[in-house]
Every structure is written in structure tokens, then in C-alpha cells.
Amino acid sequence: MSRLTASAVLGIVGCLLVFFTSGDFGPRAQPPASSEKARPPVVRAAECRWATGPIKIDGMLDEAAWQKADVLKDFAVYWEHRPAKMATKARLLWDENYLYFAAELEDSDLYADVTQRNGMTWTNDVFELFFKPSTKKLAYYEFQVNAANTQLELFLPSRGSGGYQRFAPLTKFGMESAVKLQGTLNDPKDQDQGWTVEGRIPLSAFLASGEKPQPGAKWRFALCRYDYSVAFERVETSSTAPLTQPDFHRYEDYGELTFVGR
């Protein structure tokens with residue numbers, strides 16, 4: 001082979017530099033999608049704002065105070081990486097005496113047949129609220145209202161203390177609620193639109209774990225629902241919290257609720 005001249009060598013090197021610096025190697029490999037980005041939106045932080053006026057517990061949500069509440073609409077089946085099948089919009093408020101809650105729940109098949117207070121309401125279409133005032137204590141609370149307006153209230157000293165069977169007969173806080181149905185209860189043959197629940201919990205209930213909420217207090221919380229339907233393969237359970245397991249009692253995953261003062 002004949003020797004390459006210096007000018008030829010420089011020409012080859014120049015071509016190689018152009019090729020390797022152009023970056024034109026065909027389709028570029030995309031970075032792997034983040035598993036967190038693939039998750040549906042949830043409520044990692046929210047405000048429980050001060051009620052600016054009286055609230056009548058009638059299931060109507062027509063008071064001006066509700067219009068100023070933080071609207072929590074990101075309910076998801078987070079552990080399955082998907083949003084809930086049916087939409088939910090919830091609100092929380094408080095004042096000197098009560099913690100108020102409201103939710104508008106889309107539901108195509110209204111079902112609730114538990115009518116005994118502190119009964120097993122989670123076997124029905126139900127709205128649930130979980131509050132954990134302190135991460136330094138084991139105690140937490142669970143409140144439920146089903147589509148028949150049956151209430152369940154629980155103070156749980158810990159997750160290992162006995163649960164519903166032990167503490168449902170012992171918990172009597174005086175929660176109040178009202179429900180409005182957009183459809184027919186317990187008729188699987190018709191098409192329903194949903195239901196609305198409005199209620200209040202006496203702040204004295206939270207003395208069981210130490211103290212009432214104060215302005216600026218930050219609690220762990222989750223709002224959840226069970227939705228039964230003849231159109232579903234299995235019951236739909238969803239929550240505002242980024243639950244990594246299908247367990248509403250997994251308070252390690254709860255969002256943070258800040259109590260805002262006057």
C-alpha cells in the first residue's frame with residue numbers, strides 16, 4: 001500500500017470529527033420514564049381553612065363558606081398507578097367547635113344497606129376520613145358516612161390495638177351528617193348520577209389523642225371512598241393519599257393537612 005500523504009491524513013481525521021460530533025446516529029434513545037411521573041395526581045398537601053360563616057348540615061353545600069374551601073379532587077388508586085374510575089370532590093373547613101367535611105361523589109350505582117350507627121359501612125358506597133394528629137403517637141381517627149347517611153366514627157389508639165371490632169362500640173363523638181342522592185338507592189337496574197355528603201365532627205373528639213387542632217397545626221390525613229357497582233369487576237377503592245399499598249390505614253403515606261386560622 002502506498003503511504004498516505006499528510007494532507008490526506010488530515011482530511012480523513014476531519015471527516016471523522018464531523019461524523020462523531022454531529023450526533024446524527026439515527027433515532028435517539030429516550031431516557032426511561034420516571035415511575036413517579038407515571039403515577040396519577042394525588043393530594044400531598046392541603047389546607048383546612050377557617051369557616052367564614054355558619055354551615056347548615058343538610059347536604060346542600062350552598063353556604064358561602066364552602067366556596068372558599070380548598071377543593072380536593074385528586075382521588076386515585078395510587079398503588080395501581082391510575083386515577084379513580086369515578087370523580088370525587090371533597091372540602092374541609094373548621095371553626096372553634098367543629099371540623100366540617102363535604103364531598104360530591106360521582107356514582108352510577110348507588111348502594112348502601114347498613115343503617116346501624118357504627119356498623120360496617122365500608123361494605124357500602126361510603127366516604128371516609130382519616131386523621132393522624134401526631135406522627136409521634138400511634139393514635140389516629142377514622143370517620144365514615146355511607147350513601148344511606150349511616151355514620152361510623154372510630155378512635156384507634158394504634159393499628160395493633162384491636163381495630164373496628166374492639167373500638168366501634170366504644171367511640172361516640174357525636175358526628176353529624178346529611179346526604180343527598182342523585183339517583184335511586186339500592187336499585188342495580190337504573191343509572192344513577194352520584195351523591196353528596198356534608199357533615200361535622202366536634203373538635204372535642206380529638207382530645208382523645210391529646211389536643212384539638214390549632215392554627216398552623218399540621219396533621220397527616222387521607223380522604224377515601226369505597227364504590228360498589230354492578231359495572232365493576234371488583235369494588236373500587238380510591239384515596240387522596242399516595243398509598244403505595246391498598247390499605248387506607250397506611251398513614252405513612254398520608255398527605256399533610258394544615259389548619260389555617262381566621
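**Close-up views of a predicted model**

**View 1. Strands E4 and E5 pair in the antiparallel sense.** In this predicted model, 7 bridges join E4 (residues 88–94) to E5 (residues 98–106). The two strands form a hairpin, with 3 residues between them. One pairing to pick out is Leu93, whose bridge partner in E5 is Tyr100. In a regular strand the side chains alternate between the two faces of the sheet.

**View 2. Strand E5 also pairs with strand E10.** E10 spans residues 194–202. The pairing with E5 is antiparallel and runs over 9 bridges. Within it, Glu104 stands opposite Thr196 of E10. E5 therefore has E4 as a partner as well as E10, each counted under the rule that a pair needs at least two bridges.

**View 3. The largest nonpolar core holds 40 residues.** Phe127 and Phe131 touch the most other members. Strands giving two or more residues to this core include E1 (45–50), E6 (126–132), E7 (140–146), E11 (218–227) and E13 (255–259). E4, E5 and E10 also give two or more. E5 gives the most, with 4 residues. In soluble globular proteins, nonpolar side chains tend to be buried together.

**View 4. Contacts of Phe127.** Residues up to four places away in sequence are not counted here. Aromatic names on the contact list include Phe75, Phe101, Phe143 and Trp195. Phe127 also touches Ala90, Ala103, Leu105, Val145, Val197 and Leu223. Gln144 and Cys224 complete the list.

**View 5. A second, separate core has 18 residues.** Among them are Val77, Leu152, Phe167 and Ala241.

**View 6. Two buried cysteines, Cys48 and Cys224.** Cys48 has a relative accessible area of 0%. Cys224 is likewise at 0% relative accessibility. Both count as buried because the cut-off is under 20% relative accessible area. A disulfide is a covalent bond between the sulfur atoms of two cysteines. The whole structure contains 0 disulfides.

**View 7. Confidence along the chain.** The average pLDDT is 90, and 86% of the residues score at least 70. Where is confidence lowest, and where is it highest? Helix H1 (residues 6–22) is lowest, at a mean of 41, whereas E6 is highest, at 99. Over residues 1–35 the pLDDT is below 50. Beyond near neighbours in sequence, this stretch has 6 contacts in the model. Where pLDDT is low, the predicted coordinates should not be read in detail.

Key. Residues are numbered from 1 along each chain as its sequence is written. This is a predicted model: local features need pLDDT of at least 70, side-chain atom pairs count only at pLDDT 80 or more; totals for chains, interfaces and linings use all residues. Side-chain values use heavy atoms; hydrogens and water are left out. A disulfide is a pair of cysteine sulfur atoms within 2.5 Å. Buried means under 20% relative accessible area, exposed over 50%, partly exposed in between (1.4 Å probe, protein chains only). A nonpolar core is a set of buried Ala, Val, Leu, Ile, Met, Phe, Trp, Tyr and Cys residues joined through side-chain atoms within 4.5 Å. Contact means heavy atoms within 4.5 Å. pLDDT is the predictor's confidence in each residue, from 0 to 100.
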